[in-house]
Amino acid sequence: MDLVSTYSLLPLASSIVVVVLGFFVWLKRPRDMLAILFFLYCFTIALWLFGTFHLFNAAADEDAIFWDRIIYIGVNFIPIFLYHFGLIYCGITRQRAMLVAGYLCAFIFLPLTQSTLFVDGLFRYAWGVHTRAQFFHQPFLVYFFTFFIAFFVNLRMHYRSASAERKKQVKPMLVGFLILDCIGPLAFLPAYGISVYPVIFLSAIPFVLLLAYAIIRHNALDMKTISAEVFITFIAIIFSAEVFFARTTTEFLLRMIALAALISFSVLLVRGVKNEVRRREEIQQLAKDLQEANARLTELDHVKSEFLSIAAHQLRTPLSVIKGYTSMMQEGDYGSVPKEMQPILDNVYNSNEHLIHLVDDFLDISRIESGRTKYDFKPLDISVIVSNVVNELSERAKAKGLRVEVKTCEALPAVVADAEKIRHVIYNFVDNAIKYSTAGSIIVACAFTKDEVQCTVTDTGIGMDETDRENLFQKFYRGRNVQGIEVNGTGLGLFVCKKFIEAHQGRIWVESAGAGKGSVFGFSLLRTATLQQGTQSL
Ligand code: ADP
């Protein structure tokens, strides 16, 4: 087989691939206009390529002219199908007149392409023969290029106004067509006596592939399945041809068996690919659903936080009023309180305090979550805060039979921090230590290294297991260690502490040797932290 006829096989093979590709894409969406146009376009390209294969191999001049006219049946429709495809792909509805004009041209040129006024006579080149263009070939070129360029212009305009995501889809097409628009039309030159290497006919293939890419992306068709189907059908067609060229019966049978095996294997392969694709699509759908659910949950969480914040704000003022009046009554500002009323007032006061504490936690959380927590960073001595907190809580500890010991070292270096927030953390640690211990002692200690200042609260209380240690700092987490014991709580305190310490670029931790073996809660602040004044969102 010489070089030229080897070339001629390429258009033949390509025409098969193109038709098969067009067919499978159309099969996926039989009612989709884009897929229908794509199939028609593939068909016209295949005619072009198939005719070219025969043209190269034409034995007589008449054969060459005959096949060239077949080629023009296809080529005649290429620009209008491409243009129509572009209109739908870009969602353009305002060019109806042009579209109708295009189809009119195509149907007017169709009979003309078959006449001697279109092509007649032959040019002979080193690579083969080509027909000569006649009078009507030139107006045909005007029609051809008008719609070819119009397609490109529409694509370009669409690209300009497209979203970033869509741009990503359109860009490869645009660049591809720009290059092909320069190369493809060179295939007309041999009709005017200019020799162009025959491989130029193959520029039709990238055209088809680009459109296939567009349609697959546009309609979310699956590339993998289509490629597998096209590839396998192509091989099967080639293989089938082999069967008919068998010289002996044995050879024929053997090839038939091989073909049967190939087809069975192909069916399995395509099925496998389809299954894999389906599974991938299911996973993608699940991921999308999860994302949506997550977005809805975040939204709900936000609404909940808003509600909490409003409710807490509304509660805070009356609670402060109750606190004020109760304490004035306890102190006898409204006259002496009968003895039997004293414990009742104490009870009202304590319950109110408990509520205030709870509301404050809610307010802290809502501020943290909406990034409205304000920080006032100044140099401060943590041991002073420790002493104040211990003084405040020692009565309660004593009432429970607990000893509170403070171990601050001298010359504790100052750290830059928000005094109110650090007080909140230490208060919470000591308060919890009292809450969750029934006997023994509580040690509040401060220490420092060359980088950090630390504060720890050690108790001899209920301790905890590993699960609790890992989860204590989460919002609303109440430990397994408090199940079954009557201690009120919300599981918010440590969460707030963690957020406050994180805003100081510090560390917070808990240690415990196990249930019933006491716990150590601690935090540390960097001595050289660079903290910015103001509101911080976490
Ligand atoms: P609350 O005390 O309101 O439940 P916290 O966030 O302060 O909320 O604490 C969360 C959980 O951590 C508590 O429910 C408890 O299980 C555990 N916990 C906190 N402090 C101690 C402690 N000193 N000893 C043992 N467990 C503790």
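User: Happy to start with a single residue: is Lys304 buried, partly exposed or exposed?
Analyst: Good place to begin, and keep in mind that this is a predicted model. The relative accessibility of Lys304 is 30%. Buried means under 20% and exposed means over 50%, with partly exposed in between. Lys304 therefore counts as partly exposed.

User: Which residue forms a salt bridge with Lys304?
Analyst: The two partners sit three residues apart in helix α9, so about one helical turn separates them. The partner is partly exposed, with a relative accessible area of 32%. Its closest approach to Lys304, N to O, is 2.9 Å, and the residue is Asp301.

User: Which residues are joined into one network by salt bridges that share partners?
Analyst: The structure holds 18 salt bridges. Some of them share partners, and these join Glu392, Glu420 and Arg423.

User: How many residues apart in sequence are the parts tied together by Asp61 and Arg124?
Analyst: The side chains of Asp61 and Arg124 meet in a salt bridge at 2.8 Å, N to O. Asp61 lies in helix α3 and Arg124 in strand β1, so the pair ties together parts whose separation in sequence is 63 residues.

User: And how do I class Arg124, as buried or exposed?
Analyst: Its partner Asp61 has a relative accessible area of 34%, which makes Asp61 partly exposed. Arg124 has a relative accessible area of 57%. The cut-off for the top class is over 50%, so Arg124 is exposed.

User: What separates Glu165 and Lys168 along helix α6?
Analyst: Their side chains meet in a salt bridge, 3.6 Å from N to O. Glu165 is partly exposed at 48% relative accessible area, while Lys168 is exposed at 56%. Because they are three residues apart in helix α6, what separates them is about one helical turn.

User: Moving to the surface, which helix gives the most to the nonpolar patch?
Analyst: The patch covers about 770 Å² and includes Val321, Tyr325, Met341 and Val348. Helices α9 (249-330) and α10 (342-369) each supply at least two of its residues. With five residues, the one that gives the most is α9.

User: Where does Tyr325 from that patch sit, and how is it classed?
Analyst: Tyr325 has its place in helix α9. Its relative accessibility is 45%. That falls between the limits of 20% and 50%, so Tyr325 counts as partly exposed.

User: Which residue has a polar side-chain atom 2.7 Å from an oxygen atom of the ligand?
Analyst: The ligand is surrounded by 22 residues, and among the closest are Tyr436, Asn481 and Thr490. Polar backbone atoms of Gly491 and Gly493 each lie 3.2 Å from an oxygen atom of the ligand. The residue with the polar side-chain atom at 2.7 Å is Arg478.

User: How much of the ligand's accessible area does the protein cover?
Analyst: On its own, the ligand has 520 Å² of accessible area. The share of this that the protein covers is 98%.

User: Which element supplies the largest share of the shell around the ligand?
Analyst: By class, this shell has 10 nonpolar, nine polar and three charged residues. Elements that give two or more residues are α12 (419-435), α14 (493-503) and β10 (519-526). The largest share, three residues, comes from α12.

User: Finally, is His504 buried or exposed?
Analyst: His504 is found in the loop between α14 and β9. A polar atom of its side chain lies 3.0 Å from the backbone nitrogen of Asp418. At 1% relative accessibility, His504 counts as buried.

Notes. Residues numbered from 1 in each chain as written. Predicted model: local features only at pLDDT ≥ 70, side-chain atom pairs only at ≥ 80, totals over all residues. Heavy atoms only, no water. Patch = residues over 30% accessible without salt bridge, like charges linked within 9 Å, V, L, I, M, F, W, Y side chains within 5 Å. Areas by Shrake-Rupley, 256 points an atom, 1.4 Å probe, with all protein chains shown as cover. Salt bridge = Lys/Arg side-chain N within 4 Å of Asp/Glu carboxyl O. Helix = DSSP H or I, 4+ residues; strand = E, 2+ residues; numbered from the N terminus. Buried < 20%, exposed > 50% of the residue type's maximum accessible area, 1.4 Å probe, protein only. Near = heavy atom within 4 Å. Polar contact = N/O pair within 3.5 Å; in protein donor to acceptor, adjacent residues only side chain to side chain. Nonpolar A, V, L, I, M, F, W, Y, C, P; charged D, E, K, R; others polar.
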